[in-house]
Amino acid sequence: MAGAMAILGSSILALLLAGYLAQQYLPPPKPKVIGMDLGTTYCSVGVFQPGTGKVEVIADKAGRKSLPSVVLFTDREILVGYEAQDLADANPLNTVYDAKRFIGKHFTPEELNTESSRYQFKVLYNEGNAEFSVFANESLRVTPEYVGSRLLLELKKMAEEYLGAPVSKAVISVPAEFDERQRNYTVKAAQLAGLDILRVINEPTAAAMAYGLHKVDVFNVLVVDLGGGTLDVSLLNKQGGMFLTRAMAGNNQLGGQDFNQRLLQFLLNQIHRRYGSVLSRKQDVHHLRQAVEWAKLNLTLYDSVLIRVPLSLPDPGHSGEGGDNGSGNRVLFEETVTRDLFEGLNQDLFKKILDPVKEVLSRGHLGRYEVDEIVLVGGSTRIPRIRQVIREFFGKEPNTSVDPDLAVVIGVSIQAGIMGGSWPLQVSALEIPNRHLQKVNFN
């Protein structure tokens, strides 16, 4: 008996030694499972690298690690991401974005009418579901999950090109407030893209994992997710490797697009005041929008930026309807935009961020100083004034050690690595379902 036990012990030791040597000296296997963040405004894909334990967020050919969640239907093809975004102003009726707001959600006709009034593309009611009407050679009705599938398919292709191998398995993130139906329809979108979803993980939990909070001793975690179009605030309780979403609140109509719109309107007023003309040419408006986005991003780093945009303006007193043919007066519009100006234009919007934060703490029966970690997610949390508002409210620095644009996809990719058995092994995060939890919206 003792001899048998000794042989067994030696065999186990040999296996462990072989595994250790394999990890040290053999080339690591390629990742088998990808992590996907299908965001409202942007989407991303990443992989957990066996051996190094690092996440690689996969970039497109231009080096960009996030794609706009935009799909454009044309007579010849379906364009996705930046290609669709660049042509959106020229073909607004066939350009669908924010599809995530509609996926798997049950609407009354009145609710859908209110929601769809914000968009140029046509939204149709179909027995409680939303569908989009587009024209590509013929009139088509496409579902939100189909639009999502085109985005996920593009991310899948990027991953396959990066890995040099086919990809069929993934972990995907969803908002914490998504009900079972919305989660199922998100999985359906992935299936339409040829993907088998091994696990659906909440976005706040994914963000917490990206910051490594599944491996450290913290209890109360507040996740502030401010993207291009929405604000989501979640209070997580963590014990060991388990996360419970304790309270949620947000604003479905507050984000980076709203901050851009304030600056855009200011510049349009400046153009009218300076030249006596109303900007009407679609291409000029598109270029001005791009300049506004560029200015917002650079004002996170600099105190001021110079916007320079060539414009074709109609003669004062004319309607300008013929401006699209480029026959107007050519001018070079220049305007210095300071950080103080940008913050002043958006001061009331920045203050609104605290409304759902206060609601989450109230519903979670928690004081502001009892929060152990404040995690920032979403590109709009880069704005210095927003970080200042959060810092002053809590009396402590928010955690900004991870790129806020990529926090969710990094966390999802860590979970994908765990599901794929990649080493070095990570501590997995388990979510405790909270079926009765509802999100409070401040609109």
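## A walk from helix α6 outward

Start by selecting helix α6: here E203, P204, T205, A206, A207, A208, M209 and A210 are buried. That makes eight of the eight residues of this helix (residues 203-210), so α6 is largely enclosed by the rest of the structure. Step just past the end of α6 and click on G212, which takes a positive phi of about 75°.

**Zoom out**

Before going on, keep in mind that you are looking at a predicted model. Show the whole protein and you have 13 helices and 20 strands in view. Of its 443 residues, 49% count as buried. Now think about who touches whom: among contacts between residues at least 6 apart in sequence, 68% join residues at least 24 apart.

Colour by pLDDT next. The average for the protein is 89, and 88% of the residues score at least 70. Where is confidence lowest, and where is it highest? The low end is helix α1 (residues 2-25), with a mean of 52, and the high end is helix α9 (residues 339-345), at 98. Have a look at residues 319-323 too: the pLDDT there is below 50, and beyond near neighbours in sequence this stretch has four contacts in the model.

**First sheet: β6-β5-β7**

Select strands β5, β6 and β7. Together they form an open sheet of three strands in the order β6-β5-β7, with antiparallel pairing. Which strands stand at the edges? They are β6 (78-80) and β7 (95-97); each has a single partner strand, so one side of each is left without a neighbour in the sheet. Turn the view and follow the twist, which averages 20° from one strand to the next.

Now zoom in on β5 (residues 70-73). Three bridges join this strand to β6, and the two run antiparallel. For a landmark, pick V71 and look across: V80 in β6 stands opposite. If you're wondering what holds such neighbours together, strands of a sheet pair through backbone hydrogen bonds, either parallel or antiparallel.

**Second sheet: β8-β9-β10**

Move on to β8, β9 and β10. These three strands form another open sheet, in the order β8-β9-β10, and the pairing is antiparallel. At the edges you'll find β8 (122-126) and β10 (138-142), each with a single partner strand, so one side of each has no neighbour in the sheet. The twist here averages 35° from one strand to the next.

Highlight β9 (residues 129-136): β9 and β10 pair in the antiparallel sense over five bridges. Click on F135 and you'll see S139 in β10 standing opposite. Then add helix α3 (residues 109-116), which lies across β8 and β9 and runs at about 170° to β8.

**Into the nonpolar cores**

In soluble globular proteins, nonpolar side chains tend to be buried together. To see this protein's largest nonpolar core, which has 46 residues, select L222, F259, L263, L267, L288, I386 and F394, the members that touch the most others. Which helix gives the most to this core? Helix α7 (residues 256-275) does, with six residues.

Stay with F394 for a moment and show its surroundings. Leaving out residues up to four places away in sequence, F394 touches L222, V357, L361, R368, Y369, V371 and I374. There is also a second, separate core of 44 residues, which includes C43, L67, V134 and A190.

**Two aspartates to finish**

Select D284, in helix α8 (residues 282-298). Is D284 buried or exposed? Its relative accessible area is 1%, and residues under 20% count as buried, so D284 is buried. Show its side chain: one of its polar atoms lies 2.8 Å from the backbone nitrogen of S312. Not counting residues up to four places away in sequence, D284 touches L279, P310, L311 and S312.

Last stop: D232, found in strand β14 (residues 231-239). D232 is buried as well, with a relative accessible area of 14%. What does the side chain of D232 make a polar contact with? The partner is the side chain of K439, at 2.3 Å. K439 also appears in the list of residues that D232 touches, along with E177, V223, V224, D225, A249 and G250, again not counting residues up to four places away in sequence.

Definitions and conventions:
Residues numbered from 1 in each chain as written. Predicted model: local features only at pLDDT ≥ 70, side-chain atom pairs only at ≥ 80, totals over all residues. Heavy atoms only, no water. Pairing = 2+ DSSP bridges. Helix = DSSP H or I, 4+ residues; strand = E, 2+ residues; numbered from the N terminus. Axes fitted to C-alpha atoms, helices over the stretch in contact; angles between N-to-C directions. Core = buried A, V, L, I, M, F, W, Y, C linked by side-chain atoms within 4.5 Å. Buried < 20%, exposed > 50% of the residue type's maximum accessible area, 1.4 Å probe, protein only. Contact = heavy atoms within 4.5 Å. pLDDT = per-residue confidence, 0-100. Polar contact = N/O pair within 3.5 Å; in protein donor to acceptor, adjacent residues only side chain to side chain.
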